[in-house]
Amino acid sequence: MSERIFDRLTNTFLKAIRGVSERIRPGWSTRNKAKTDEWRLMMLAYSRSLPGMIGFFLALLFVMMGLFGPFIAPYRYNEYLIIENPDYSMKPPGSYGFTMGTDFWGRDLFSILLQGARVSLIITFVTVFFCIPWGIVLGLISGYVGGKIDELIMRVTDIFIAFPGLVLSIAFAIVLPPRIANLLVASIPLRTLIAWLFAIEYRDALQLSGVLSLIIAMIIVWWPSYTRVVRGSVLTARENLFVEAARALGVSTWRILWKHILPNIIGPILVLATLDFGSVIITEAALSFLGLGAQDPIPEWGAIIYTGSQYFPSSWWLILFPGIFVFTAALSWNLAGDTLRDVLDPKTRRSIEFKVKEKAPRREKEALEKPLMAPIEAGGKPIRGTAEESKRVLEVKDLYVYFYTYAGVVKALTGVSFDLFEGETLCLVGETGCGKTVTSRAVTRQIPSPGEIIKGQILLHRSGVEVVDILELPQEELRKIRGGEIAYIFQDPTAALDPLYSIGAQFEETMTAHNKGLKNEALKKTIETLESVLIPDSEKLVKRYPHELSGGMKQRVVFGISLSNTPRLLIADEPTSNVDVTIQAQLLDLLMKLKRDLGMTILLITHNMGIVAEIGDRVAVMYAGNIVEIAPVEDLFKEPLHPYTQGLLRAVPNPLKRVERFESIPGTIPNLINPPSGCRFHPRCPYAFDRCPKEEPKLVDGKPGHQAACFLVTPKPNQGK
Ligand SMILES: Nc1ncnc2c1ncn2[C@@H]1O[C@H](COP(=O)(O)OP(=O)(O)OP(=O)(O)O)[C@@H](O)[C@H]1O
Ligand code: SF4
Ligand SMILES: [Mg+2]
């Protein structure tokens, strides 16, 4: 019954919001339908939680009492009921006309408790709402900017946290009141405003100086905890792959902070704020109980308990009733906040929702779990002739990337050079730690700290005419390229998708980051793109959240998001290593289809030689931060020139040759802080000779289009690069 009432209220409320916003900005509700539907779901989910509803109604009651208490109370707080209570004695509850009895001055207890809610409400809201924005801004700056600014902010918060909060509040509450009282005496408008806010008489406003100093003391004591929580959450959130994915897709820093980091840290802030509502109510009552807050005749719960304690046990009602008010108000915020946190997190929200309603129809669920359509077509053959015949999309020249770690400088890339041609798939292979990921990230200048691109050029041929060096581009230009002309698919789809946003919202963000005009068509285009990546029932899928999808489905969604702006170059870093073999085959078919249909250029990083043979056109073999061999796939498998590639192919099944016995390469990959001199492979190479440790071999053409960096490879005349 109450659910139905709440549902109706929710619908009416949202209808009103849509109506008002439609008047202000025509078309708003259509554009933001997904968002308002989302709000509706949250409100419905909230209404299904019993503790949440109890907390909500009690907190609402507290707010209402604070707003209207002074006007609906049977008596004013300063009405000393001499006529009704001529002997000034404290009347117990139930006495004629006094439901909760009277206090020492003969005032109606129920009336002063109602009016006391106003004082509590103002103290709580002003304290918490001053701390939150201040704490969030400082925490965001500290966590995201880092460095010296982070140091400074943290040291200042340390100083504040080092003082015991209650002692500091008491000290302020002792020192400040006379100064505040002077200020109120000097400023009539301020005194009038304060009297109006607290709904008391003008002459009594001076008695509030203790309460005002309490507010200041509590703000000073409370803000550092927000800064610390926000900073900690930002540090965690900024390492999330979905934040990196957003950066790779060209989303601006402010948008990343606003859309990806802030919503992801809202949970901890909300929990803290909720607990603080309760704590502020209790602290304020406790300090007033110590005589540091409100002074008579200000109606304040803590002060009433203090008076009651002097007449205990005879006037027990002066402790019991204000105690119930304080306890209930504090509890209500905790209950409401806990439920709100669950509702804001899509994972827990769905579990609340599904308990009662909004269950996905069975048909929809089945469709989502159904296997994909039949594989499109087995891939395998190079789609083009020799590389030289095609247009270049990317030229990487002499690229150096170092990581400045405490242990030393990691020379991750030392002189990497390669070209990418239109419509080809170049596979990067090599043992772990050889620099594949660093190479792919350098293409859009996404080297994580403490890494730096030391030198080199990354030339992007834009639309075949303009050539730009990505390493020289201003940030804004680079942002347009990321996610627009160059898209990434990361290894882990779960981490690449933001858990707080529906699939549709994540598509929309990537599309509109590069083309604001697409906002109105985003949904249509998303559905089309999802269909192109073989996702059944795409219209339903756009409303779902990452955690509701299987691993294979998520990776297809990541494919779809990367493709949403039809990039010219797709960089996929081990895109199938996290899924099982069936899904892997489907994703590879999908990659082939995209390449065939859209003529996309692909830089594919993989450990799997079978995948290289299946979908690669050319392959570049990396070893210890360098490319040691680069060749068309068939040439490489048939006749590898570099001893490292030969060793690599003997260690894994060769798709083009039968290998009798697998052999591992002796030794381990070198430490890149102190890499071996000369040819980096020489400590492991069975053919090493005296020249190898002294000199570094360069890539030379061993055969047409087939280069290797080894002294044993004889360069073909007139074919060197
Ligand atoms: N953030 C970092 N800090 C320090 N060193 C790093 C960092 N990221 C990468 N490196 C170093 O750079 C080198 C290349 O790493 P990269 O991640 O490119 O290897 P990879 O070939 O992708 O390996 P894998 O196959 O395991 O993914 C490694 O020696 C690694 O230790
Ligand atoms: S240059 Fe020397 S050490 Fe390096 S791969 Fe060739 S033979 Fe081996
Ligand atoms: Mg890697």
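This briefing covers a sheet, the helices packed on it and the surroundings of a ligand. The model is predicted: local features need pLDDT of at least 70, side-chain atom pairs count only at pLDDT 80 or more, and totals for chains, interfaces and linings use all residues. Residues are numbered from 1 along each chain as its sequence is written, while chains are lettered from A and ligands numbered from 1 in the order in which they are written.

**Sheet**
- The open sheet has 8 strands (DSSP E runs of at least two residues, numbered from the N terminus) in the order 6-7-8-3-9-10-12-11, with mixed pairing (at least two DSSP bridges between two strands).
- Strand 6 (486-489) and strand 11 (700-703) are the edges, each pairing on one side only.
- Neighbouring strands are turned by 25 degrees on average, direction ignored (axes are lines fitted to C-alpha atoms).
- Strand 3 (residues 425-429) and strand 8 (residues 601-605) run parallel, joined by 4 bridges.
- Cysteine 427 has leucine 604 of strand 8 as its bridge partner.

**Helix on the sheet**
- Helix 22 (residues 551-563; helices are DSSP H or I runs of at least four residues) lies across strand 6 and strand 7 (569-573).
- Helix 22 runs at about 170 degrees to strand 6, on a scale from 0 to 180 degrees between N-to-C directions, with helix axes fitted over the stretch in contact (C-beta atoms, placed from the backbone, within 7 Å).

**Ligand 1**
- Ligand 1 is surrounded by 15 residues (C-beta atom, placed from the backbone, within 6 Å); the closest are Ala412, Thr432, Lys436, Thr437 and Val438.
- Strand 1 (392-405), strand 2 (408-421) and helix 16 (436-442) each give two or more residues to this shell.
- Helix 16 gives the most, with 3 residues.

Technical notes:
Contact = placed C-beta atoms within 7 Å.
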